[in-house]
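The following exercises are to be worked through with the sequence and the structure at hand. Each task is followed by a solution in steps.

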Amino acid sequence: MAEQRVKWVIGNWKMHGRLAENAALLQAVADGAAAMADAIRIGVCVPTPYLAQTQALLSGKSLAWGVQDISTYTHGAYTGEVAAEMACEFGATLAIVGHSERRAYHAESSELVASKARRALQAGLTPIVCIGETLEEREAGTTEAVVGAQLDAVLNLLSVEEAQRIVIAYEPVWAIGTGRSATAEQAQEVHAFLRARLVQKDASLACVALLYGGSVKPENAQVLFGQADIDGGLIGGASLKSEDFLAICEQAKVASHAH
Ligand code: PGA
């Protein structure tokens with residue numbers, strides 16, 4: 001029998017939010033998440049300036065929080081960068097690394113992303129490593145080559161013990177913020193490929209959580225999360241509305257009972 005993996009739902013607020021609206025959103029999500037926290041893992045990755053606010057509002061609640069990027073360094077002359085240890089001081093436990101927007105707009109290479117993943121682990125954060133192909137790459141039939149190479153860069157740098165503690169988010173670039181999600185079959189196909197790649201490195205990596213991201217909504221979450229190798233979602237736009245985010249969490253809970 002396959003090992004039971006817990007489902008995750010992580011919000012990626014991107015560069016959205018202001019103090020007043022954050023307070024309302026965090027409160028509503030924390031209230032709704034309380035009833036589901038035994039069944040699934042729920043978290044939000046907020047803009048860094050709001051870490052203190054997030055910590056103040058979520059401490060003691062069953063909702064994790066984190067950041068959307070970290071530096072590869074612990075400290076030093078790196079203007080504008082934020083160290084993983086700084087996020088930890090505000091109770092963060094999660095760090096998204098290698099989001100496609102950072103790869104595209106900040107020229108982050110897979111090697112840099114791998115070193116950010118390792119840095120997060122060393123600081124005690126769980127890295128959520130994002131990988132995914134562009135539309136051109138999918139249409140050229142290179143999806144597996146692209147996501148395989150992105151995953152390999154991380155697996156090559158980490159020890160097996162470190163790799164056991166990462167989370168992967170497969171986010172096809174063409175599905176992010178477009179309203180056009182991958183179909184459950186398309187996503188499952190890539191997730192199965194990624195699972196096999198992890199197991200090729202070490203059998204123990206079968207337990208690594210593989211999240212799907214890209215236009216996840218309350219309407220499509222159930223079928224996506226019902227796939228054998230999809231362990232939940234990384235949610236952008238829909239994480240900014242508490243009802244939508246909680247409805248997606250509810251679907252993850254339903255899917256986790258169904259297995
Ligand atoms: P989206 O974003 O849900 O708005 O498509 C997902 C992401 O970029 O993590």
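## Exercise 1: Valine 9 and its strand

Valine 9 is buried, with a relative accessible area of 0%. The model under study is a predicted one.

**Task.** Determine which element holds valine 9 and which residues it contacts beyond its sequence neighbours.

**Solution.**
- Step 1. Valine 9 belongs to strand 1, which spans residues 7–12.
- Step 2. Six of the six residues in strand 1 are buried. On one side these are Lys7, Val9 and Gly11, and on the other Trp8, Ile10 and Asn12, so that both faces of the strand are covered. The cut-off applied here is a relative accessible area under 20%.
- Step 3. Strand 1 pairs with strand 2 (residues 40–45) in the parallel sense, over six bridges. Within strand 2, isoleucine 42 is the bridge partner of valine 9.
- Step 4. With neighbours within four places in sequence left aside, the contacts of valine 9 include Ile40, Arg41, Ile42 and Gly43. Among its other contacts are Phe225, Gly233, Ile235, Phe245, Ile248, Cys249 and Ala252.
- Step 5. By way of a distance, the C-alpha atoms of valine 9 and glycine 141 are separated by 29 Å, the two residues being 132 residues apart along the chain.

## Exercise 2: The surroundings of the ligand

**Task.** List the residues around the ligand and identify polar contacts made to its oxygen atoms.

**Solution.**
- Step 1. Around the ligand are Asn12, Lys14, His99, Glu171, Ala175, Ile176, Gly177, Gly214, Ser215, Leu234, Gly236 and Gly237.
- Step 2. This shell divides into three nonpolar, seven polar and two charged residues.
- Step 3. Asparagine 12 places a polar side-chain atom 3.4 Å from an oxygen atom of the ligand. For histidine 99, the corresponding distance from a polar side-chain atom to a ligand oxygen atom is 2.7 Å.
- Step 4. Glycine 177 contributes a polar backbone atom, which is 2.7 Å from an oxygen atom of the ligand.
- Step 5. Of the 280 Å² of accessible area that the ligand has on its own, the protein covers 95%.

## Exercise 3: Positive phi outside glycine

**Task.** Where in the chain are lysine 14 and alanine 107 located, and is alanine 107 buried or exposed?

**Solution.**
- Step 1. Lysine 14 is not a glycine, yet its phi is positive, at about 55 degrees. Lysine 14 is placed in the loop between strand 1 and helix 1.
- Step 2. Alanine 107 likewise has a positive phi, near 50 degrees. The loop that holds alanine 107 joins helix 4 (100–105) and helix 5 (110–123).
- Step 3. Alanine 107 counts as exposed because its relative accessibility is 66%, and the cut-off for exposed is over 50%.

## Exercise 4: Asparagine 22 and strand 5

**Task.** Describe the setting of asparagine 22, then establish which strands pair with strand 5.

**Solution.**
- Step 1. Asparagine 22 is part of helix 1 (residues 19–33). With a relative accessible area of 2%, asparagine 22 is buried.
- Step 2. Apart from neighbours within four places in sequence, asparagine 22 contacts Trp13, Gly17, Tyr50 and Gln53.
- Step 3. Strand 5 (residues 126–131) has five of its six residues buried.
- Step 4. Strand 4 (residues 94–97) runs parallel to strand 5 and is joined to it by four bridges. Valine 97 has valine 129 of strand 5 as its bridge partner.
- Step 5. Strand 6 (residues 167–170) is also parallel to strand 5, again with four bridges. Here isoleucine 128 stands opposite valine 167 of strand 6.

Note on methods. Residues are numbered from 1 along each chain as its sequence is written. This is a predicted model: local features need pLDDT of at least 70, side-chain atom pairs count only at pLDDT 80 or more; totals for chains, interfaces and linings use all residues. Side-chain values use heavy atoms; hydrogens and water are left out. Helices (H or I, at least four residues) and strands (E, at least two) are DSSP runs, numbered from the N terminus. Buried means under 20% relative accessible area, exposed over 50%, partly exposed in between (1.4 Å probe, protein chains only). Contact means heavy atoms within 4.5 Å. A residue is near a molecule or strand if one of its heavy atoms lies within 4 Å of it. A polar contact is a pair of N or O atoms within 3.5 Å; within protein, one must be able to donate a hydrogen and the other to accept it, and residues adjacent in sequence count only if both atoms are side-chain atoms. Accessible areas come from the Shrake-Rupley method with a 1.4 Å probe; for residues, only the protein chains shown count as cover. Ala, Val, Leu, Ile, Met, Phe, Trp, Tyr, Cys and Pro count as nonpolar, Asp, Glu, Lys and Arg as charged, and the others, Gly among them, as polar. Two strands pair if DSSP finds at least two bridges between them.
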